[in-house]
Structures are given as C-alpha cells and as structure tokens.
Amino acid sequence: MKTKNGILYALFPAVITISLYLVFYSRIETRPSDAGFWLIIALGMSLGVALTRLFQLVKEKNKE
C-alpha cells in the first residue's frame, strides 16, 4: 500500500500543473513577463520532480 501512495504523491504535482496548463492553454504566452511563462516553467519542474520520485520508488522496490 505504501508504493501506491508513493506513486500518487509523486504524480500529484505534475497532474495539477498539467491540468492548469490545459485549462489556460489559449491564454498562455511565452514572454517572460506573462504568468503563462511561469506556468510552463512550473510544469517542467513538477515533471522533473515526479520523474525523480518515480525513479527513486522503482530503485527502492528493486532493492527489497
């Protein structure tokens, strides 16, 4: 049960950020002065954190 919760918590920030990106896609501009630019950066960061956590979970699972 811990691994299911671990995967859920690892993917939660990425899912939230992706959903925000999809909702506001038509309003996003890539200029650094716009909020959309920061949403795109947050999307990349949350995907990086989620992938890192998933790799850690797989490594811990293989160690057991």
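**Notebook: two helices and the loop between them**

I began with the contacts (heavy atoms within 4.5 Å): of those in the chain with a separation of 6 or more, 52% are between residues 24 or more positions apart. A note to myself on the source: this is a predicted model, where local features need pLDDT of at least 70, side-chain atom pairs count only at pLDDT 80 or more, and totals for chains, interfaces and linings use all residues. Numbering starts from 1 along each chain as its sequence is written, and side-chain values use heavy atoms, with hydrogens and water left out.

**Entry: the whole chain.** I looked up the secondary structure and found two helices and zero strands. These are DSSP runs, numbered from the N terminus (helices H or I, at least four residues; strands E, at least two). Of the 64 residues, 19% are buried; buried means under 20% relative accessible area, exposed over 50%, and partly exposed in between, with a 1.4 Å probe and protein chains only. The accessible surface comes to about 5400 Å², and carbon and sulfur atoms hold 68% of that. These areas come from the Shrake-Rupley method with a 1.4 Å probe; for residues, only the protein chains shown count as cover.

**Entry: the loop.** Which helices does the loop holding Glu29 lie between? I read them off as H1 (2-23) and H2 (35-63). Glu29 counts as partly exposed because its relative accessibility is 40%. Leaving out residues up to four places away in sequence, I see Glu29 touching Asp34, Gly36 and Phe37. I also took the C-alpha to C-alpha distance from Glu29 to Leu39, 10 residues apart in sequence, and got 9.9 Å.

Ser26 sits in the loop between H1 and H2, and with a relative accessible area of 68% Ser26 is exposed. From Ser26 to Gly36, 10 residues along the chain, the C-alpha atoms are separated by 10.0 Å.

**Entry: a nonpolar patch.** Phe24 is also placed in the loop between H1 and H2, and is partly exposed at 35%. Phe24 joins Phe12, Ile16, Leu20 and Val23 in a nonpolar surface patch with about 470 Å² of accessible area together. Patches take residues with over 30% relative accessible area and no salt bridge, joining like charges within 9 Å and nonpolar side chains (Val, Leu, Ile, Met, Phe, Trp, Tyr) within 5 Å.

**Entry: salt bridges.** How many does a search of the whole structure find? One, with a side-chain nitrogen of Lys or Arg within 4 Å of a carboxyl oxygen of Asp or Glu as the criterion. Arg53 and Glu60 form a salt bridge, with the closest N and O atoms 3.9 Å apart. I checked exposure too: Glu60 is partly exposed at 42%, and Arg53 is partly exposed at 29%.
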